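Work through the following exercises with the sequence and the coordinates side by side. Each task is followed by a solution that proceeds step by step.

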Amino acid sequence: MRFRVDRDVLADAVTWTARSLPTRPPVPVLAGVRLEADTTGTVQLSSFDYEVSARSQIPADVSEAGTVLVSGRLLAEISRSLPDKPVDVVLEGTKVIVTCGASRFTLLTMPVEDYPNLPVMPPTTGTVDGDELTHAVAQVSVAASRDDTLPLLTGVRVEIEGEKVTLLATDRYRLALRELTWKPASPDISTVALVRARTLSDAAKSLGSAGSVTVALSTGSGVDMIGFEAAGRQTTSLLVDGDYPAVRRLFPDETPIHAVVSTHALADAAKRVSLVAERNTPIRLSFSEGQVVLDAGQGDDAQASEAIEATLVGDDISVAFNPQFLLDGLGALSTTFVRLSFTHPNKPVEFTGQESLDGEDNPEYRYLLVPIRFAS
């Protein structure tokens, strides 16, 4: 095998392909990236850990075709540190020689015949705008659980009904829902999938800038998996097994009280006031006509309070939140104002965005946050 490739092209492709490699692989070959050089002028890089696979195809000047398996992390670190010159990659016996300008590296190869076959990309289910996918996944994944002992809740539920896609995530303390439109391959498609939030976020961030992203979903026929493809890169992931809790019903049908506040002003005030909130202590929000007062700390501890302008419809109400969960929800909103809708001081509060103080809220993104009970 022998090929020459642009340094930046190689570094980007290796870094992307090796990003999901396990740090402690069950078998050594799973720490590798497979390079397949073809005389048609392409090099395909691939990685697989039996759950997530990644493939990237790049143009190269290939003089000898061949396939090798080398340490993915090491090749990524080397390729990023090379000078800005063309890179020559040559297989000599059981070693791969990487040369760039005056730099020369020798890497040991791993037995390519021991490497597992990569899964086949499922048939195309539809396409979605990359920027919208990136934004939607970021909004929802903040609410997914980081607790691996609850694997179901580390996932994002993807519900597809024709042209509408709904993303849902919860960690039992908050729930996020985001609706977006896409172009389905079949107009009457109706399916559900549970995708690991970390995998979905990674795919959306790394492929979203490519414009249009192709989504491929396979459920109920052998191996359940999802695939994403854009700009010569594709990644697949096994779906999370199990029945996701029926969380949609947690959103209240009607809310007799609601308040509208500047998203930016509320987030800034919450950051300042939460500086005195000890670990696991809440920040209180007291809504009355024309204002909301934020305060934290009590007794002999440090205390802080701040009042900001707010519009209230309904009775005065006070609630308390985990400061980080509150900031996560506000940070996920991209609108000028936030509407907080209440049913009771101890019942979950729904956050939605709106562009003007007296306008309608936009239900495209909904963030439901469970308040913390506090002593009056």
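**Exercise 1.** Decide for R157 whether the residue is buried, partly exposed or exposed, and do likewise for E159.

*Solution.* The structure is a predicted model, and the classes rest on relative accessible area, with buried meaning under 20% and exposed over 50%. R157 has a relative accessible area of 22%, so this residue is partly exposed. E159 has a value of 14% and is therefore buried. The two side chains meet in a salt bridge, with 2.7 Å from N to O.

**Exercise 2.** Determine which elements are linked by the salt bridge between R174 and D328, and establish whether these residues are buried or exposed.

*Solution.* Begin with the distance: the side chains of R174 and D328 meet in a salt bridge at 3.1 Å, N to O. Next, place the partners, for R174 belongs to strand β13 and D328 to helix α6 (residues 323-332), so that the pair, 154 residues apart, links distant parts of the chain. Finally, consider accessibility, where both R174 and D328 turn out to be buried.

**Exercise 3.** Characterise the salt bridge between R178 and E132, and find the network to which these residues belong.

*Solution.* Side chains of opposite charge can pair when their charged atoms come close. The closest N and O atoms of R178 and E132 are 3.7 Å apart, which satisfies the cut-off because a salt bridge requires the nitrogen to lie within 4 Å of the carboxyl oxygen. R178 sits in strand β13 (residues 174-181) and E132 in helix α3 (residues 130-141), 46 residues apart, and the pair links distant parts of the chain. With 3% relative accessibility R178 counts as buried, whereas E132, at 24%, is partly exposed. Salt bridges with shared partners then join E132, R178 and E364 into one network. By the same rule, the count of salt bridges comes to 16.

**Exercise 4.** Describe the open sheet that contains β1 and β7, giving its strand order and its edge strands.

*Solution.* The order of the 5 strands is β5-β1-β7-β8-β9, and their pairing is antiparallel. At the edges lie β5 (61-64) and β9 (103-108), each of which pairs on one side only. Neighbouring strands are turned against each other by 15° on average, direction ignored. Within this arrangement, β1 (residues 2-5) and β7 (residues 87-92) pair over 4 bridges, and the bridge partner of F3 in β7 is V89.

Methods: Residues are numbered from 1 along each chain as its sequence is written. This is a predicted model: local features need pLDDT of at least 70, side-chain atom pairs count only at pLDDT 80 or more; totals for chains, interfaces and linings use all residues. Side-chain values use heavy atoms; hydrogens and water are left out. Two strands pair if DSSP finds at least two bridges between them. Helices (H or I, at least four residues) and strands (E, at least two) are DSSP runs, numbered from the N terminus. Axes are lines fitted to C-alpha atoms, for helices over the stretch in contact, and angles run from 0 to 180 degrees between N-to-C directions. Buried means under 20% relative accessible area, exposed over 50%, partly exposed in between (1.4 Å probe, protein chains only).
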